[in-house]
Structure formats: structure tokens, C-alpha cells
Amino acid sequence: MSIKRIKAKLRGEWYSTGLLAVCLALILVFFLLLVYPVSRIILRFNINDLRLLFERTDFVQVLFQSIFLSLCVSIIAIIIALVVSLFIREQNHVMQKVFIVCFTMPILIPTISIGMGIMYLFSRNGLIYQWLGLRINIYGFNGLLIGMVLNITPLAILQIYDVLRYEETHLHIEAKALCLSPLSRLYILTLPRVKTVLKRAFFATFLFSFSDFGINLMVGGRYRTLSLTLYQEIIGRMNFGRAAVISVFMWVPLLILFVVCMRKSAFSFKHNEQGTTTALFFGIRGQVISCALLIIIAAMFLLPIIAFMLSSLRPTDITNPDIWQNYRALIHLNLLRYLRNSLVIAICVSVFGTVLSCMTAYVASKARSPLARVINIVALIPFSVPGLVIGLGFVIGYIAVPGLYSTFIPIICAVTINFFGVPYFLFLNNFALMGDEIEISAKIFRIGWWDTLLRIYLPQMKQTILEAMMFYFVNSMITISAIVVMFRARTMPLSILITQFEGQLMIFRAAAVTTIIVAINIVAKVIFYACTAYVRSRLSPRGTRRAI
């Protein structure tokens, strides 16, 4: 018997009894949280609603406008992110961390707040007109393009920079010895390395821009998009039949683009401990110039956010000069209850989502069975489903369940599925980097799969676990799309207050809510960095690694 057959036999015996129950449980979870809600939307698809949608609205124009806007946003965001990532990589380690913190600030606030910040800066009574006397038309395509680029580019920067900082230095040293110019080295060495991550970043930016309605709600003007139309059909008209038709049209383009990206393995996440590469292209003068350009670009990204957050100190009641009146008003509106709801949702999603994504990735990468293949296929779907569609699916699928919507359960489940994709691929890549020899050795020494997971895999993935929990926590605090159709008075989170204040034209109180959310996310980030530093110190060569 060959070595391959022996390995296959051992692997099959090892998994024949252990993971069957886990596979069945995961299939049940994905059926309840994803397949059933999405299928209910598809079954709600009505030809009459489709006909009325085309007759009474310029639906085809709205669809093409959404696709065109998302393509423009994705292309511009990818170009800016690539340039910014190259410039950041050329700085020293301290400046790299500073710039990464600056460029990730837009990720910590809801998109509707970014739209308010742009409106607060560039409107007819905005700060730009008051300071410089410039009037810029930010309503319509221009405002949407600016707002979405500011909001989405940091996501692409994080992905591209994470690959660039591990670029091998010796290749560039050899290329310099061959007298290759910096542009030639960029084209020959760097761009092929980031080609895959550019595809992944392009899909992520297209997805977020195509499914976001917050910025469009503030500065969209007459430029209508599909996501805003869906939001108005659900919230404004409560027309679930027409909303189901729009949801299908939103999902199909994203699914097609996702399949195209998956053909080239654009979602292979790489995990490394620490990057060390700096200054491959620029000398001292180039580093100074690139640092100055980064400061200018970072200021452009941060200005709408900082200006909008500072506007929370402007009194809503002009007869009362108290600069803290917006925060006092929030306290009188039972701020602590909404804050508690947000923290409950974020913490529960962090725990449940991390466990679900970790177990799903473990089964998909290590189990060799038809059930594992089914789980791997189903686990890819959340990457292409917008949050509004998931929330609508939960409403249509489970609205008849008595007492369900008075609890946090549907919100936690919807937010978990909405942000499932990135942590899943992060765990999947980590398990793929660990060979199958571990399972074979565990079988020989009669160690079960559960003990192998707890004692071998998870101790080596502490940093990945922290990253997944932090990703879930931040996005749970700022999300609106997956919750806006599901919350009740008892379960309303803090982020929903922003939309309510926007509807009442209380922009400064919405800014106060945004500031509180940003403060909470910053505190969570500090705790995350402290825990990550501790884990790295324990796993470093100087530290002591616990024996298995």
C-alpha cells in the first residue's frame, strides 16, 4: 500500500466519527441563518412586482448607475490604495504604524456619518465655503464618489499594505545590482506580487460601494442607486415584495463578480507574524517627499471625520450656549440603554462569529467528506450578499416566529452572517498553511480531533482569533444595513440613533453619537493591540512556547 493511501486511510478513520456531528451542525446553522432567508427572498420574487418596478420607476437606469458608480469607486480606491501602500512601506516602522492608524479611522464610523461629514464641509453653509469661499457641488455623483472613496479606500489599503510589507528585500538588492530602475523593479517584482490582492480588494470595494446606502442617503441628491432604492422600499414604503425583487437584482451582479474573482484564487489570505521590509525604492529625499504626500492624503481622509465629530460640540439649541448639550440630550434619551444594546450585540457577535468562522474553516480545510465540500461552498455565499438583503431575508423568513424579534437573537445572527466572509478566509488560510501531517500524527498517538484542535491548532492561532474578534466587534458597532429592518425598541443599538437624528435634521446630535461609537472602537483597538503584543511576545523566539 502506498504512502498516499495510508495517509488517506488514517485521515478517513480519524474523521469518520469525530466531525460528522460538527458538519451536520454547521449545515443546520448555515441553512437557518443564510440559505433559508435568502431562499425566502427569491421565492418572494413576483413578476407583477417586477413589472410595476419597471413601469413606475427608472429601474434600469438606477441599476446601471449603481454599477457604474461602484466601478468608478473601486478603480479609484485601488489606485489610491496602491500608491498609499507603497509610500507607507517606504517609511520607518514608527511612521508606518502612525499612517496605518490615520488611514483606518474611516473604518471606525458608520458610512452615514461620513456622508454627514462631507455635507458639513462642502455644503453651501459648510466650513469650506466659510473658510475659503469655495462652493463645490457635492450632491449627486460627485458627492457619492468622494464619500465612497474616502470610506472604502482604507479597506483596500489594509489588504495591499499587508502584502507589500512582506516583500523580499534580497530580490530588490539583486535588481539594483543589475541596474534596474525603480519603475522596472516595481513592474517586475512588486506588481506581480500584489496582483492577487488587487483582485480581492477590487471585489471588496465593489461590494461595499454597491451595497452601501448611508452616503447616498446624505449626498446622493438625484443620483439614485439600487441600495438606496431598496432602503426606501423597506423603510419608507414597507413594500417587501418589491424589495425582494430589488434584492435579487443586487445579489446577482455581486455573485457573478465573486465567481469571477474566485476562479483566480483572489481570496487566498496570507498570515505572517511581522513585516520588516522598508525603503525598497526611495532614498532619504524620496522618503521625505512620500511622507509629506502621505500627510496631505491622510488629512484629506481625516478632515470630514474630525470636522463632523467636532460639530457635536456645536449646540443644537442656539439659545443655549452649552457645548455639551448634545451629549446631555443623549443621556436624557436613555443613551446607556442603547449603548448597552450595542455592546451586547458586538460582544456576542465577536464570540459567536469567531467560533462559527473558526469551526467552519477547520472543517472546510481538514475534513475530506461531501459534507465538508457543501459547507465550503455555502460558506462562500455571505461574501456576496449585502447586509440589507440579509436583514430583509430574516424579516421575511422569521417574522412569523412569535417573540423572536423582541430578543437580540436575530440581530446577532444577521450581523454574524453579514461579516462572516473575512474572518472565515483568515482562518481558512491559517489551517491551510498547517499540513495534514498533524492529523496523521494525532491518529497514530490516538489523539482525537477535538484535542488536536484545542491543543495544537488554536494555541498557534491566538493572533488570528484576536483579529477575527476585533473585526466582528468594530463592524457590529458601526453597522446599520443589517440591523435597520430588524431592531425593536428594546433591542435598538446606538448606531440606529444616527439615522433617526438624520431624519429629524439633528445633525449635531448624530455627530455626538458618532463620536461615542468612535471612542468605543478606539478603546477596543487599544485593548486589541495590547493583547496582540502580549501574544507576539509569548510566541517570539525569546519567549517560552508551551509544549504540546
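Is Phe528 buried or exposed? Phe528 is buried, at a relative accessible area of 11%. The model described here is predicted.

## Overall make-up

The protein contains 25 helices and 0 strands. Of its 548 residues, 53% are buried. Contacts between residues at least 6 apart in sequence join residues at least 24 apart in 82% of cases.

## Aromatic pairs

Searching the whole structure gives 16 aromatic pairs. One of them is formed by Phe419 and Phe471, with an edge-to-face arrangement, a centre-to-centre distance of 6.3 Å and 80° between the planes. Phe419 sits in the loop between helix H19 (409-418) and helix H20 (421-433), and Phe471 sits in helix H23 (residues 462-478), so this pair ties together parts that are 52 residues apart in sequence. Phe419 is buried because its relative accessible area, 11%, falls under the 20% cut-off. Phe471 has a relative accessibility of 24% and counts as partly exposed.

Phe528 also takes part in an aromatic pair, with Tyr529 as its partner; the rings are tilted, 5.4 Å centre to centre, with 50° between the planes. The tilted label applies because 50° is neither under 30 degrees nor over 60. The two residues differ in burial class: Phe528 is buried, whereas Tyr529 is partly exposed at a relative accessible area of 44%.

A cluster of rings is also present, in which ring pairs link Phe31, Tyr36, Phe394 and Tyr398.

## Packing of H2 against H18

Helix H2 (residues 20-43) packs with helix H18 (residues 387-398) at an angle of about 80°, and the axes are 8 Å apart. H2 is therefore roughly perpendicular to H18. On the H2 side the contact is made by Leu32, Leu33, Tyr36, Pro37, Arg40 and Ile41. On the H18 side the residues are Val389, Leu392, Gly393, Phe394, Ile396, Gly397 and Tyr398. Sorted by class, the contact has 10 nonpolar, 2 polar and 1 charged residues. Tyr36, Phe394 and Tyr398, which belong to this contact, are also members of the ring cluster.

Leu392, in helix H18, is buried, with a relative accessible area of 0%. Apart from neighbours within four places in sequence, Leu392 is in contact with Ile41, Leu230, Ile234, Phe240, Ala243, Ala244, Ser247 and Val485. Ile41 is one of the H2 residues in the helix contact. Leu392 and Ala482 are 90 residues apart in sequence, and their C-alpha atoms are 8.2 Å apart in space.

## Nonpolar cores

In soluble globular proteins, nonpolar side chains tend to be buried together. Here the largest nonpolar core has 164 residues. The residues with the most contacts inside this core are Phe103, Leu230, Phe394, Tyr424, Phe431 and Leu494. Tyr424, leaving aside neighbours within four places in sequence, is in contact with Ser357, Thr360, Ala361, Ala364, Asn376, Ala379 and Leu380. A second core, separate from the largest one, has 6 residues, among them Leu127, Ile128, Ala307 and Phe508.

Phe431, listed above for its contacts in the largest core, has its C-alpha atom 7.9 Å from that of Tyr457, a residue 26 places away along the chain. Tyr457 lies in helix H22 (residues 449-457) and counts as buried at 0% relative accessibility.

## Helices H24 and H25

Helix H24 (residues 496-503) is mostly covered, with 6 of its 8 residues buried. The buried residues are Ile496, Leu497, Ile498, Thr499, Phe501 and Glu502. Just after H24, Leu505 has a positive phi of about 60°.

Helix H25 (residues 507-539) contains Ile522. Ile522 is partly exposed, with a relative accessible area of 36%. The C-alpha atoms of Ile522 and Leu108 are 7.9 Å apart in space, although the two residues are 414 apart in sequence.

## A positive phi in a loop

Asn334 has phi near 65°, a positive value in a residue other than glycine. Asn334 is placed in the loop between helix H15 (325-332) and helix H16 (335-366). With a relative accessibility of 37%, Asn334 counts as partly exposed.

Conventions. Residues are numbered from 1 along each chain as its sequence is written. This is a predicted model: local features need pLDDT of at least 70, side-chain atom pairs count only at pLDDT 80 or more; totals for chains, interfaces and linings use all residues. Side-chain values use heavy atoms; hydrogens and water are left out. Rings of Phe, Tyr and Trp (its six-membered ring) pair if their centres lie within 6.5 Å; planes under 30 degrees apart count as stacked, over 60 as edge-to-face and the rest as tilted. Helices (H or I, at least four residues) and strands (E, at least two) are DSSP runs, numbered from the N terminus. Buried means under 20% relative accessible area, exposed over 50%, partly exposed in between (1.4 Å probe, protein chains only). Axes are lines fitted to C-alpha atoms, for helices over the stretch in contact, and angles run from 0 to 180 degrees between N-to-C directions. Angles under 35 degrees count as roughly parallel, over 145 as roughly antiparallel, 65 to 115 as roughly perpendicular and the rest as oblique. Contact means heavy atoms within 4.5 Å. Ala, Val, Leu, Ile, Met, Phe, Trp, Tyr, Cys and Pro count as nonpolar, Asp, Glu, Lys and Arg as charged, and the others, Gly among them, as polar. A nonpolar core is a set of buried Ala, Val, Leu, Ile, Met, Phe, Trp, Tyr and Cys residues joined through side-chain atoms within 4.5 Å.
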